[in-house]
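Here is a colleague's note for a first-year student, in numbered points. Please keep the sequence and the 3D view open while reading.

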Amino acid sequence: MSISVLERQSDESIQSQLRRSIIAAIHAGQMTPGQKLLPSRRLAEQLGIARNTVTAVYEELVARGYLDALPRQGYFVGRGLPADAGQIRTEAQAPLRGGAINWQGRLKQAPSTLRHIVKPSNWQDFDYPFIYGQVDPNLFPINTWRTCSRDALGRAAIDWWTADRAVEDDPLLIEQIRTQILPQRGIFVREDQILVTLGTQQGIYLLARLLARRGTRVGIEVPGYPDGRNIFAAEQAEIVDLPVDAEGADLSGAGPLDLAVLTPAHQCPTMVSMSERRRDRIYATARAHGTILIEDDFEGELSGSGEAGTLKSRDTDGRVVYLGTMSKVLAPGVRIGFMVADAALIREALWLRRLMHRSTPLNNQRTAGIFLAEGHYTALLRSLRTAHEARWRRMADGCDRHLPGFRRSPATGGSCLWLECPPDIDGRALADRAADLGVLIESGDPFMPEAQAGRFIRLGISYISERRIDPGLERLGRAAREVGRATG
């Protein structure tokens, strides 16, 4: 009987690890139908764990059909499993036979060839992970979230979220978004003007499908979020570059636009906050040209109320569609965002969402709704803002000291710093050398035109602890000097 090593420092329980290990051994063919398992006492002694833990795992696997329990004889691998259960992994790894279909000729799009933000899967292994978009687990109230998840398993809640509600969202979450989150952004709407999405990106995708086709003129920020550009380009829209300066995106030279996708609170990726003067000018221009403004407020919650408020808070005729997310506060994997717009547009987005995956997972919606209703979200947001402000100041000071030749964007806050490299340093080479020293940074290439490849880097602050920022930047500065000498 082959059991993989149990990780005692893992967040996963020993019981769960043992259960998965036995199941994996059965599917890999290491344990065959009818084979007897070690007695619970002996296996417990071998693994150095409690006998009750082994017994509980055995009983659960009996209930699942993986094991058979025979009185006074012990536990055996279930004989009712498929005859080829042990071949599953082997066959899945075998080379495909045939290959008669030319998929490149059949595909109408090739999304894998587009420019994407790519992060190494082992980013948590780096000593100094300056990575964007991840949540610091030390700041997340996991026990509180677990309690809310348990409450979402109550009978009344289960009766709601286990049903097939293809065009409905959780009323508790909708109400909390409407009364807690949106008023902080200066937005006051009805329930039928809110749609729950799988983050802001799905909101962008829904809007592209509903509002853009060949010839639709769509303004996209440069530098800007690459997936937003990719999504509208997939609809064959005409992409119009919107330059970004110290006041945010500028529409003045774009001409009449059908749509414009903007990140006013913290511009992606420069983190520049759009000035109040620029916001007023953009809204006036949009009204004059009939432009629909898509406000991607991807980390507006973390930026606070801001000096200028949201574009949506200025909206008097329904031309601003607001996209928000809870992913930067809770966790990226929770995948809860929301769209706010006129009810007529929300209705069509809701039915289009149904064609994609029906409702956004309702169990997650209910858990998040409880988390908000009990005040935990507001408390978490307060602690995150405090931590991010302190980290940003430490980062800005450290960049000035350890990266003197790099030019920072004129941002004064946000979840990352956007840096332009000196002429003798290529950002891609710097990222590679920094990785060798245990420092993870992101290339700015996905956000920029290809002609400016290697000119920018992004340093995230949301995951790395404040005490590790300065030593990490010191190592990054060392990497920069080595790359500069090699270039020179």
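1. Strand β5 and its neighbour β6. In this predicted model, strand β5 (residues 217-222) is joined to strand β6 (residues 238-245) by six bridges, and the two strands run parallel. Within this pairing, Arg217 stands opposite Glu238 of β6. To get from β5 to β6 the chain passes through helix α10 (residues 226-234), and this β-α-β crossover is right-handed.

2. Strand β5 and its neighbour β8. Strand β5 is also joined by three bridges to strand β8 (residues 259-262), and these two strands again run parallel. Here Val218 has Leu259 as its bridge partner in β8. Is β5 mostly buried or exposed? Five of its six residues are buried, so the strand is largely enclosed by the rest of the structure. When looking along such an element, it helps to remember that in a regular strand the side chains alternate between the two faces of the sheet.

3. The cysteines. A disulfide is a covalent bond between the sulfur atoms of two cysteines, and the structure holds zero of them. Why is there no such bond between Cys268 and Cys416? The cysteine sulfur closest to that of Cys268 is the one in Cys416, but it lies 7.5 Å away, which is too far for a bond, given that a disulfide requires the two sulfur atoms to be within 2.5 Å. Cys268 is buried, because its relative accessible area is 7%, and Cys416 also counts as buried, because its relative accessibility is 1%, the cut-off for this label being under 20%.

4. Helix α1. Helix α1 (residues 14-27) has 14 residues, so at 1.5 Å a residue it should span 20 Å, and this agrees with its end C-alpha atoms, which are 20 Å apart. Among the buried residues of this helix are Leu18, Ile22, Ile23 and Ile26, as well as the polar or charged-looking names a student may not expect in such a list, Gln17 and Arg19. The cover over the buried residues of α1 includes helices α2 (40-47) and α3 (51-64), together with strands β1 (67-70) and β2 (74-77). Just after α1, Gly29 takes a positive phi of about 85 degrees.

5. Ser40 in helix α2. Ser40 has its place in helix α2, and it is buried, with a relative accessible area of 10%. Its side chain is joined to that of Arg51 by a polar contact of 3.1 Å. Leaving aside residues up to four places away in sequence, Ser40 touches Arg51, Val54, Thr55 and Tyr58.

6. Thr200 in helix α9. Thr200 is found in helix α9 (residues 199-211) and is buried, with a relative accessible area of 12%. Which residues does Thr200 touch, not counting those up to four places away in sequence? They are Asp296, Phe298, Leu323, Gly324 and Thr325.

7. Asp280 in helix α11. Asp280 lies in helix α11 (residues 276-289), and it counts as partly exposed, because its relative accessibility is 41%. The side chain of Asp280 makes a polar contact of 2.8 Å with the side chain of Arg314. Between the C-alpha atoms of Asp280 and Pro120 the separation is 40 Å, and these two residues are 160 residues apart along the chain.

Technical notes: Residues numbered from 1 in each chain as written. Predicted model: local features only at pLDDT ≥ 70, side-chain atom pairs only at ≥ 80, totals over all residues. Heavy atoms only, no water. Buried < 20%, exposed > 50% of the residue type's maximum accessible area, 1.4 Å probe, protein only. Helix = DSSP H or I, 4+ residues; strand = E, 2+ residues; numbered from the N terminus. Pairing = 2+ DSSP bridges. Right-handed = clockwise from strand over helix to strand, strands pointing away. Expected span 1.5 Å × (residues − 1). Contact = heavy atoms within 4.5 Å. Polar contact = N/O pair within 3.5 Å; in protein donor to acceptor, adjacent residues only side chain to side chain.
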